[in-house]
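Subject: The structure we talked about

Hi,

Here is the structure I promised to pass on. Have a look at it first, and then read on for what turned up in it.

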Amino acid sequence: MLPSASFTSLEICAGAGGLALGLESAGFSPVALLDTDEKALATLFANRPEWNLVEEDLKNFDPDRYPETYDVDLLSAGTPRVKSMATINRRDDHPERDLVKAALYLVGVVRPRAVLLENVPGLVNKEEFAEVRSEIEDELAHLGFRLFAAVLNAKDFGVPQNRPHGFFVALREPYAEGFAWPTPPSEPSLHVGGVLYPSMASRGWPHAREWAQQAEIVAPTLVGGSDKRGGPDLGPERAKAVWEKIGINGGTLADELPGPQDGWAWGGERNDLPALTLAQTALLQGFPTDWQIAGRKTRGYRQVGQAVPPPLAAAVGSRIAAALRGSGSGSPQ
């Protein structure tokens, strides 16, 4: 059951809804969600038809046409991955930086009480991102916010995947006094085998239990979400090698789950191993089982690969909510 919404939010670069879904569980109700990808918007509509979806480029977005976006409690954004300064001179790398600047401009226009920006971990702590990081810090300080930055790993917050994310949280006074980053719960990390066993066994695959018992490992980062990348697979060769050790063919996605006639042998050739379905990659990203991803495998997996894991978003969102309430508690009330 969803909590009663306590706060309003404006989400930009909404994608498949991982960030918005996590924030929803922390008590934020979006007044609008902005994206340009029709498949991502179809995903959002399939799961939350009541949400106000806006198909528009962030750089052309005019809040005057959406007055409900002014003075929201939170502006949240998971903008496309910024490249390091070592590659920023390549022409195709500039749009990512431009979107960060457009997001910061929008902060000054809509005047939220809090801001949440998510991007690559290096944007928080690597020297090659120092120029972009300084732009973020200087602009948010100019707008009257106190900035907090951290790298959090999804595996520490109920996601069976080694997946670090960089976060910037900015709050106006006096709300900034009550903010603290979430701390990982004491429960052990979830593993691939435990999360995927029910789906692996759902069609009668006779090896499901054996596979799950030997797949008690945290998955490598799901990649393959770039718009410039090819078909659906689980990442570069080093990641595929890890997936082989988990007993999964990381070179493709499957159309259906393994069934009674499908074999399996631990340590077998890659093409003899089962592949994950699109729905299973969403489970490894922390989406609930009933969250529908629109589009075929390539477009669907691109949405999954670009998403913020909802449990991680919920953990950060709950601390923002606590700060806005003036409470030291990390849970929505």
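Before anything else, one term: a residue counts as buried when its relative accessible area is under 20%, and as exposed when that area is over 50%. Alanine 212 has a relative accessible area of 7%, so it is buried. Please also keep in mind that this is a predicted model.

Let's stay with alanine 212 for a moment. It sits in helix α7. Setting aside neighbours within four places in sequence, alanine 212 is in contact with Gly193 and Tyr197. Its C-alpha is also 6.3 Å from that of glycine 194, although the two residues are 18 apart in sequence.

That leads straight to helix α6, which covers residues 192–201. Which residues of α6 are buried? They are Val192, Gly193, Leu196, Ser199 and Met200. These residues span an arc of only 130° around the axis, which puts them on the same side of α6. The cover over them includes α7 (208–214), α8 (237–245) and α9 (278–284).

Between α8 and α9 there is a loop, and threonine 277 lies in it. Is this threonine buried or exposed? With a relative accessible area of 8%, threonine 277 is buried. Leaving out neighbours within four places in sequence, threonine 277 is in contact with Ala254, Glu256 and Leu257.

Now for the whole chain. You can count 11 helices and seven strands in it. The radius of gyration is 20 Å, close to the 20 Å that the globule rule gives for 333 residues, so the chain is as compact as a globular protein of that length. Its C-alpha atoms fill a box of roughly 60 × 45 × 35 Å along the principal axes. Of the 333 residues, 53% count as buried. If you take the contacts with a separation of 6 or more, 66% of them are between residues 24 or more positions apart. The chain exposes about 14,500 Å², and carbon and sulfur atoms supply 49% of that.

Next, the sheet. Seven strands make up an open sheet with mixed pairing, in the order β3-β2-β1-β4-β5-β7-β6. Which strands stand at the edges? They are β3 (53–55) and β6 (145–153); each has a single partner strand, so one side of each is left without a neighbour in the sheet. On average, neighbouring strands are turned by 15° against each other, ignoring direction.

A few of the pairings are worth finding on your screen. At one edge, β6 pairs with β7 (residues 164–172) in the antiparallel sense, over nine bridges. Here leucine 152 stands opposite histidine 165 in β7.

Two helices pack on this sheet, so to speak as its company. Helix α1 (residues 18–25) touches β1 (7–12), β2 (28–35), β4 (74–77) and β5 (114–119), and its direction makes about 145° with that of β4. Helix α2 (residues 38–47) touches β2 and β3, and its direction makes about 170° with that of β3.

In α2, have a look at leucine 41. This leucine counts as buried, at 10% relative accessibility. Not counting residues up to four places away in sequence, leucine 41 touches Asp35, Leu53, Val54 and Glu55. Leucine 41 and glycine 15 are 26 residues apart in sequence, yet their C-alpha atoms are 7.2 Å apart in space.

Finally, strand β4. It runs parallel to β1, and four bridges join the two. One of the bridge partners in β4 is serine 76, which goes with glutamate 11. β4 also pairs with β5 in the parallel sense, again over four bridges. In that pair, leucine 75 stands opposite valine 115 in β5.

What about the two faces of β4? In a regular strand, side chains alternate between the two faces of the sheet. In β4, Leu74 and Ser76 are on one side, while Leu75 and Ala77 are on the other. All four are buried, so both faces of the strand are covered.

Have fun exploring it!

Terms used. Residues are numbered from 1 along each chain as its sequence is written. This is a predicted model: local features need pLDDT of at least 70, side-chain atom pairs count only at pLDDT 80 or more; totals for chains, interfaces and linings use all residues. Side-chain values use heavy atoms; hydrogens and water are left out. Buried means under 20% relative accessible area, exposed over 50%, partly exposed in between (1.4 Å probe, protein chains only). The arc is that of the directions from the helix axis to the C-beta atoms. Contact means heavy atoms within 4.5 Å. Two strands pair if DSSP finds at least two bridges between them. Axes are lines fitted to C-alpha atoms, for helices over the stretch in contact, and angles run from 0 to 180 degrees between N-to-C directions. The radius of gyration is taken over C-alpha atoms; the globule rule is 2.2 Å times the number of residues to the power 0.38. Accessible areas come from the Shrake-Rupley method with a 1.4 Å probe; for residues, only the protein chains shown count as cover.
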